[in-house]
Amino acid sequence: MIAKVRLPVLLLLLFLYRLLNCLTIRTFFDPDEWWQALEPAWKQSFGYGYLTWDWLSGLRNWLYPLPFILCYRTLKACGLTGDWAVWA
């Protein structure tokens with residue numbers, strides 16, 4: 001007979017599984033993500049960079065790169081703008 005698992009225990013187990021999954025799975029970084037989030041966030045934060053036509057024409061929303069913009073601006077405010085700071 002299967003023991004009844006309480007909801008908090010089940011949620012904890014699912015969380016631990018997801019955490020282990022995040023820390024151990026190595027996947028590729030899709031280049032399209034670079035042009036949809038990181039590059040526009042860099043341009044918005046540091047004032048230079050490349051935007052593709054869909055950004056220039058206003059088809060894209062700034063909500064998706066917003067977390068990266070916040071991270072980049074925090075680094076900039078702390079004076080940590082070197083390559084080592086951004087890639088870390």
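Begin by selecting Gly79, which follows just after helix 4 and takes a positive phi of about 80 degrees. Helices here (H or I, at least four residues) and strands (E, at least two) are DSSP runs, numbered from the N terminus. The model is a predicted one, in which local features need pLDDT of at least 70 and side-chain atom pairs count only at pLDDT 80 or more, while totals for chains, interfaces and linings use all residues. Residues are numbered from 1 along each chain as its sequence is written, and side-chain values use heavy atoms, with hydrogens and water left out.

**Helix 4**

Step back from Gly79 and select helix 4, residues 66-77. A rise of 1.5 Å a residue gives its 12 residues an expected span of 16 Å, and the separation of its end C-alpha atoms, 16 Å, agrees; the expected span is 1.5 Å times one less than the number of residues.

Next, pick out Ile69, Tyr72 and Leu75, the buried residues of helix 4. Buried means under 20% relative accessible area, exposed over 50%, and partly exposed in between (1.4 Å probe, protein chains only). Viewed down the axis of helix 4, the buried residues fall within an arc of 130 degrees, so they line one face of the helix. That arc is taken from the directions from the helix axis to the C-beta atoms. An α-helix has 3.6 residues a turn, so residues three or four places apart point the same way. Now turn to the face directed away from the buried side of helix 4, where the exposed residues Leu70 and Ala77 are found.

**The nonpolar core**

Select Leu38, Ala41, Trp42, Phe46, Ile69 and Tyr72 together: these 6 residues make up the largest nonpolar core. Such a core is a set of buried Ala, Val, Leu, Ile, Met, Phe, Trp, Tyr and Cys residues joined through side-chain atoms within 4.5 Å. Helix 2 and helix 4 each supply at least two residues of this core, and helix 2 gives the most, with 4 residues.

**Aromatic pairs**

A pair of aromatic rings is described by the distance of the centres and the angle of the planes. Rings of Phe, Tyr and Trp (its six-membered ring) pair if their centres lie within 6.5 Å; planes under 30 degrees apart count as stacked, over 60 as edge-to-face and the rest as tilted. By this rule there are 6 aromatic pairs.

For one of them, display Trp35 and Tyr50: the ring centres are 5.6 Å apart and the planes stand at 85 degrees, so the pair is edge-to-face. The pair links distant parts of the chain, with Trp35 in helix 2 (residues 31-46) and Tyr50 in the loop between helix 2 and helix 3 (53-56), 15 residues apart. Trp35 is partly exposed, at a relative accessible area of 34%, whereas Tyr50 is exposed, at 52%.

Move on to Trp42 and Tyr72, whose ring centres are 5.3 Å apart with planes at 80 degrees, so this pair is also edge-to-face. Trp42 belongs to helix 2 and Tyr72 to helix 4, 30 residues apart. Both Trp42 and Tyr72 are buried. Add Phe46 and Tyr48 to the selection, since one aromatic cluster is formed by Trp42, Phe46, Tyr48 and Tyr72.

**Three further stops in helix 2**

Ser45 lies in helix 2 and is buried, with a relative accessible area of 4%. Contact means heavy atoms within 4.5 Å; leaving aside neighbours within four places in sequence, Ser45 is in contact with Ile69, Tyr72, Arg73 and Lys76.

Pro40 is also placed in helix 2, and at 0% relative accessibility it counts as buried. Not counting residues up to four places away in sequence, Pro40 touches Trp34, Trp35, Leu51, Trp55 and Trp62. The C-alpha atoms of Pro40 and Trp55 are separated by 7.9 Å, with the two residues 15 apart along the chain.

Glu39, again in helix 2, counts as buried at 12% relative accessibility. Apart from neighbours within four places in sequence, Glu39 is in contact with Trp34, Gly49 and Tyr50.

**The whole chain**

Finally, show the entire protein chain, which has 5 helices and 0 strands. Buried residues make up 20% of its 88 residues. Among contacts with a separation of 6 or more, 49% are between residues 24 or more positions apart.
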